[in-house]
Amino acid sequence: MRIMQAVALVVTLGLIGVAAAEELGSKRPAPRPESLTATGESAAPLPSAEAGAAKPAPALAAPKPQPAVAKPRVPPRDPTRGTVTNLPLPRYVSLKGNEGNARRGPGLTHRIDWVFTRAGMPLRITAEYEHWRRVEDAEGAGGWVHYSLLSGVRSALVAQDLADFRDGPSDDAAVLFQAERNVVGWIQECEPEWCRLSIDGEKGWVRKTALWGVDAGEVIE
């Protein structure tokens, strides 16, 4: 009798618990719909993160190459002409005064290497830079001299022990006078092989081979 009462009590309590659970909204989870298969064939695809992304901007076109501008062609410098005067190089001039400082470079700040002390002595210009000329004497000594110390009046130096000056450009012409080495004379005129000089008021023709300060074949009128 007591056993039956106990069973009845358990059944009654179970029914009361189910009723209470339903009232509280607690239900067993519904089974997964068959339409959602394990492989996901019928499921709608999830939106991709890249799908909503903005499309990349198109690449800018490369700039068109500009036509090359042809630079004016600069003719090569003639080494036989001065960069300042365009006169021939080398060429001969004479010392204008009694003294001329030859410097190591073209400027007053450069050291003086040589001093010319003989007015009228012939000098050979070998280079130009602005107001300066690089010169050398018969022995190759010299440096940079300011152009104001030089003269275009031509002179020549006797370059042999004793030179004969004649009354005409010929070895058969009479000898008028003689001049020793390093004597300076002023050039009056020159033919290809002879020059006429004035030395201390006397004038005569002498072979170019006896002089320094004039080029072979040079004609001076």
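Valine 206 is a useful place to enter this predicted model. Leaving out residues up to four places away in sequence, valine 206 touches Ala163, Asp164, Phe165, Glu193, Trp194, Cys195, Leu197 and Leu211. Several of these names return in the largest nonpolar core, which has 16 residues. Those with the most contacts inside this core are Phe165, Ile187, Leu197, Val206, Leu211 and Val214. Five strands give two or more residues each to the core: β8 (155-158), β9 (162-166), β10 (175-180), β11 (184-190) and β12 (194-199). Of the elements, β12 gives the most, with three residues. Apart from this core lies another one, of 11 residues, and Leu89, Leu95, Phe116 and Leu150 are among its members.

Some totals give the setting. The protein has one helix and 14 strands. It has 221 residues, of which 28% count as buried. The exposed surface comes to about 16,200 Å², with carbon and sulfur atoms supplying 57% of it. Among contacts between residues at least 6 apart in sequence, 51% join residues at least 24 apart.

The strands that feed the largest core can be followed through their pairings. β8 and β11 pair in the antiparallel sense, over three bridges. β11 also pairs with β12 in the antiparallel sense, here over four bridges. β11 and β12 form a hairpin, with three residues between them. Within this hairpin, isoleucine 187 has leucine 197 of β12 as its bridge partner. Both residues were named above among those with the most contacts inside the largest core.

On the β8 side, the residue to look at is serine 155, which is found in that strand. Its bridge partner in β11 is tryptophan 186. Is serine 155 buried or exposed? Serine 155 has a relative accessibility of 1%, and because the limit for a buried residue is under 20%, serine 155 counts as buried. A polar atom of its side chain lies 2.6 Å from the backbone oxygen of glycine 120. Glycine 120 is also one of the residues that serine 155 touches, when those up to four places away in sequence are not counted. The others are Ser94, Met121, Pro122, Val184, Gly185, Trp186, Ile187 and Gly213. This list includes tryptophan 186, the bridge partner, and isoleucine 187, a member of the largest core.

The hairpin of β11 and β12 leads on to the disulfide. The structure holds one disulfide, formed by cysteine 190 and cysteine 195, whose sulfur atoms are 2.0 Å apart. A disulfide is a covalent bond between the sulfur atoms of two cysteines. The torsion about the S-S bond of cysteine 190 and cysteine 195 is about 110°, so this disulfide is right-handed. Both cysteine 190 and cysteine 195 are buried. Cysteine 195 is also one of the residues touched by valine 206.

A contrast to serine 155 is found in the loop between β2 (100-103) and β3 (112-116), where leucine 108 is placed. Leucine 108 has a relative accessibility of 65%, and because exposed means over 50%, this leucine counts as exposed. Setting aside neighbours within four places in sequence, leucine 108 is in contact with Arg103 and Trp132. Leucine 108 and valine 145 are 37 residues apart in sequence, while their C-alpha atoms are 9.6 Å apart in space.

The backbone has a few features of its own. Most residues other than glycine have a negative phi, and most peptide bonds are trans. Where does a cis peptide bond occur? It joins leucine 89 and proline 90, with omega about -10°. Proline 90 is found in the loop between α1 (2-23) and β1 (91-95), and leucine 89 is one of the residues of the 11-residue core. The loop between α1 and β1 also holds asparagine 86, whose phi is positive, near 65°. Asparagine 182 has a positive phi too, near 75°. Asparagine 182 is in the loop between β10 and β11. With a relative accessible area of 40%, asparagine 182 is partly exposed.

Note on methods:
Residues numbered from 1 in each chain as written. Predicted model: local features only at pLDDT ≥ 70, side-chain atom pairs only at ≥ 80, totals over all residues. Heavy atoms only, no water. Core = buried A, V, L, I, M, F, W, Y, C linked by side-chain atoms within 4.5 Å. Buried < 20%, exposed > 50% of the residue type's maximum accessible area, 1.4 Å probe, protein only. Contact = heavy atoms within 4.5 Å. Polar contact = N/O pair within 3.5 Å; in protein donor to acceptor, adjacent residues only side chain to side chain. Pairing = 2+ DSSP bridges. Areas by Shrake-Rupley, 256 points an atom, 1.4 Å probe, with all protein chains shown as cover. Disulfide = S-S within 2.5 Å.
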